[in-house]
Amino acid sequence: MPVQAKIGPSILNADLSNLAAESQKLLDNGADYLHLDVMDGTFVPNLTFGHPMVKSLRNKIKTAFFETHMMVQNPEQWIEPMADAGVNLYTFHVEPVQDVVRVSRRVQESGMKVGLAIKPGTEVQDLEKYLSIADVVLVMTVEPGFGGQSFMADMMPKVKWLRENYPNLDIEVDGGVGPKTIHCCAEAGANMIVSGTAVVGASDQSQVIKELRDVVHSYLK
Ligand SMILES: O=C(CO)[C@H](O)[C@H](O)COP(=O)(O)O
Ligand SMILES: [Fe+2]
């Protein structure tokens, strides 16, 4: 099936004390899914939230598609709790994982889709042996850990390589993506767009989300 343009706002820089309302607002303004950044303070030098928070959010928001971006040292540990919390797509970094195939299978067996994420320093070709099991590949366009960083355009050859070799793969970009950088991502072949600061902080979220989706759509074959 041909890939579709999907916009998933990151709530990292939203008002987390008001997460359900902030998330619902993003969905009402046209978000296709929610990107939930889970950080453990070890894999990245920052700490956010875990499965209890995701479960609470799921209790308030019943039907939206939830992705958790697992910036954690041991993603295997959180598979069952996140599945139980109602996560749909479990995206984990391959860098700290010894047996990516085993972890991916466990994610699938728990009923979630598998996303494989790579940091800027990781070669995209390192993922090739896992692509038959991945539903989504996430190419980080900042060093993971913080929102509001500058987009790294030099990650685009990774996206281009993936799109040329895997035309039907869902390719996601995350970090510094907004109206100024979306053309670059879309031209390279990304179809799943995470955008934090640029969407959450916008005075008109629906306009920004629509703009991002329209640009991606215009490059899809
Ligand atoms: O994974 C992340 C950081 O590690 C965030 O998803 C990302 O940074 C989104 O925020 P912004 O669009 O502000 O960069
Ligand atoms: Fe993220």
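This report describes a predicted model of a protein, from its overall form down to single residues.

## Basis of the model

Because the model is predicted, local features need pLDDT of at least 70 and side-chain atom pairs count only at pLDDT 80 or more, while totals for chains, interfaces and linings use all residues. Residues are numbered from 1 along each chain as its sequence is written, chains are lettered from A and ligands numbered from 1 in the order in which they are written, and side-chain values use heavy atoms, with hydrogens and water left out.

## Overall form

The protein has eight helices and eight strands. Helices (H or I, at least four residues) and strands (E, at least two) are DSSP runs, numbered from the N terminus. The C-alpha trace spans about 40 × 40 × 35 Å along the principal axes. The radius of gyration is 16 Å, which agrees with the value near 17 Å for a compact globule of 221 residues. This radius is taken over C-alpha atoms, and the globule rule is 2.2 Å times the number of residues to the power 0.38.

Of the 221 residues, 53% are buried. Buried means under 20% relative accessible area, exposed over 50%, and partly exposed in between (1.4 Å probe, protein chains only). Among contacts with a separation of 6 or more, 65% are between residues 24 or more positions apart; a contact means heavy atoms within 4.5 Å.

## Surface and charge

The accessible surface comes to about 9800 Å², and 49% of it belongs to carbon and sulfur atoms. Accessible areas come from the Shrake-Rupley method with a 1.4 Å probe, and for residues only the protein chains shown count as cover.

The protein carries 19 positive and 27 negative charges, and the mean positions of the two sets are 4 Å apart. Lys and Arg count as positive and Asp and Glu as negative, whereas His and the chain ends are not counted. Each charge is placed at NZ of Lys, CZ of Arg, CG of Asp or CD of Glu.

## Helices α2 and α4

Helix α2 covers residues 51–60, and its buried residues are V54, L57 and R58. Seen down the axis of α2, these fall within an arc of 100°, so they line one face of the helix. The arc is that of the directions from the helix axis to the C-beta atoms. The exposed residues P52, N59 and K60 sit on the face of α2 turned away from the buried side. Cover for the buried residues of α2 includes α1 (19–28), β2 (34–39), β3 (66–71) and α3.

In helix α4 (residues 100–109), the buried residues are V100, V103, S104 and V107. They cover an arc of only 100° around the axis, which puts them on the same side of α4. They pack against α3 (79–84), β4 (89–93) and β5 (113–118). Just after α4, G111 has a positive phi of about 95°.

## Helix α5

Helix α5 spans residues 156–165, with M156, K158, V159, W161, L162 and R163 buried. The elements covering these residues include β5, β6 (136–140), β7 (170–174) and α6 (182–188).

## Two buried strand residues

D37 is in strand β2 and is buried, at 4% relative accessibility. Leaving aside neighbours within four places in sequence, D37 is in contact with S10, L12, T48, F49, H69, M71 and D174. The C-alpha atoms of D37 and N13 are 10.0 Å apart, with their positions 24 residues apart in sequence.

H93 belongs to strand β4 and is buried, with a relative accessible area of 0%. Beyond residues up to four places away in sequence, H93 touches F43, H69, M70, M71, P75, A117, I118, K119, M140 and P144. One of these, M70, is 23 residues from H93 along the chain, and their C-alpha atoms are separated by 6.8 Å.

## Two partly exposed residues

G86 lies in the loop between α3 and β4 and is partly exposed, with a relative accessible area of 21%. Not counting neighbours within four places in sequence, G86 is in contact with R58 and F66.

A198 lies in helix α7 (residues 197–200) and counts as partly exposed at 28% relative accessibility. Outside four places in sequence, A198 is in contact with V177, G178, P179 and V208. A198 and H183 are 15 residues apart in sequence and 14 Å apart in space, C-alpha to C-alpha.
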